[in-house]
Amino acid sequence: VIAAHLVEINWIFAPRLNTLIKKLGKLDLAFQLHNLTTKNIIDQINDNSAHFAILREDAVPTTLNSVSLGEYGYSLFAPIEKIGNTKRPNWKSIMNMIPLATMVSEGQFSQALEKAAKENEINLDVRLRCSSFETAAAALRSGEYAVILPDIHESNLEAGMAKKISAPFLKNQRRKLALAWKPKLFDVKARSKEVFTALKSVLKLKYS
């Protein structure tokens with residue numbers, strides 16, 4: 001059982017299932033994927049409802065064991081049909097020109113966006129607030145909105161559909177991930193050490 005946020009499940013774990021299954025084929029395993037909040041992920045590890053968790057490094061409590069999986073960043077994505085043939089579109093002009101779909105949360109992510117807009121005199125036009133990056137990605141596919149998405153989603157976009165644009169204010173929003181598990185798991189669950197070794201290898205992200 002793997003507990004994680006939907007982004008990590010859909011864009012990191014699921015795309016690597018083929019490789020993972022090949023590594024663990026001799027064990028003939030089945031998986032359950034639990035999409036949960038950070039608190040519930042930790043609760044499930046503690047009460048043995050889940051065996052492994054994918055979490056932000058800074059969210060892993062000291063009571064759990066963990067190993068770094070690397071990190072990913074965020075970029076601004078704009079629909080090609082809205083920006084034409086511009087080879088190097090500027091993030092400021094994109095945000096002034098195209099309505100934005102963004103997250104509902106008022107946390108650090110939204111604060112960074114609003115601060116960047118104010119400092120650069122951008123007329124921030126948020127037309128759609130989403131509760132998940134999955135929904136934001138669907139909004140991008142509609143061709144109507146520019147969207148901030150995790151870089152790891154780029155490989156899921158259809159060729160020629162959207163342009164990835166770097167934005168300086170997103171550099172401090174990188175997400176460092178860890179694979180976490182309860183101490184003594186390897187002692188009480190047969191084969192868990194082999195699963196851990198495969199997960200650590202397959203889920204490792206490249207720093208960029």
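**Exercise 1. Work out how many helices and strands the chain has, and how its residues are spread between inside and outside.**

Step 1: start with the secondary structure, which comes to nine helices and 10 strands. Helices here are DSSP runs of H or I with at least four residues, strands are runs of E with at least two, and both are numbered from the N terminus.

Step 2: check what you're looking at. This is a predicted model, where local features need pLDDT of at least 70 and side-chain atom pairs count only at pLDDT 80 or more, while totals for chains, interfaces and linings use all residues. Residues are numbered from 1 along each chain as its sequence is written, and side-chain values use heavy atoms, with hydrogens and water left out.

Step 3: get the dimensions. The C-alpha trace spans about 55 × 35 × 25 Å along its principal axes.

Step 4: look at burial. Of the 208 residues, 46% count as buried; buried means under 20% relative accessible area, exposed over 50%, and partly exposed in between, with a 1.4 Å probe and protein chains only.

**Exercise 2. Describe how α1 and α7 pack, and say which residues make the contact.**

Step 1: recall that two packed helices are described by the angle between their axes and the distance between the axes.

Step 2: put in the values. α1 and α7 (residues 133-141) pack at about 60 degrees, and their axes are 9 Å apart. Axes are lines fitted to C-alpha atoms, for helices over the stretch in contact, and angles run from 0 to 180 degrees between N-to-C directions.

Step 3: name the arrangement. α1 and α7 are therefore oblique to each other. For the scale, under 35 degrees is roughly parallel, over 145 roughly antiparallel, 65 to 115 roughly perpendicular, and the rest oblique.

Step 4: list the partners. α1 brings Leu6, Val7, Asn10 and Trp11, and α7 brings Phe133, Glu134 and Ala137; contact means heavy atoms within 4.5 Å.

Step 5: sort them by class, which gives five nonpolar, one polar and one charged. Ala, Val, Leu, Ile, Met, Phe, Trp, Tyr, Cys and Pro count as nonpolar, Asp, Glu, Lys and Arg as charged, and the others, Gly among them, as polar.

**Exercise 3. Compare Ser192 and Lys193: is each one buried, exposed or partly exposed?**

Step 1: place them. Ser192 is in helix α9 (residues 192-202), and Lys193 is found in α9 too.

Step 2: read the accessibility. Ser192 counts as buried because its relative accessibility is 6%, whereas Lys193, at 47%, is partly exposed.

Step 3: see what Ser192 touches. Setting aside neighbours within four places in sequence, Ser192 is in contact with Phe52, Leu185 and Phe186.

Step 4: add a distance for Lys193. Lys193 and Ile152 are 41 residues apart in sequence and 27 Å apart in space, C-alpha to C-alpha.

**Exercise 4. Find where Asp28 and Glu121 sit, and what is notable about phi in each.**

Step 1: take Asp28. Its phi is near 55 degrees, a positive value in a residue other than glycine. Asp28 lies in the loop between α2 (17-24) and β2 (33-35), and 69% relative accessibility makes Asp28 exposed.

Step 2: take Glu121. Phi of Glu121 is near 55 degrees, again positive in a residue other than glycine. Glu121 sits in the loop between α6 and β7 (126-130), and Glu121 is exposed, with a relative accessible area of 73%.
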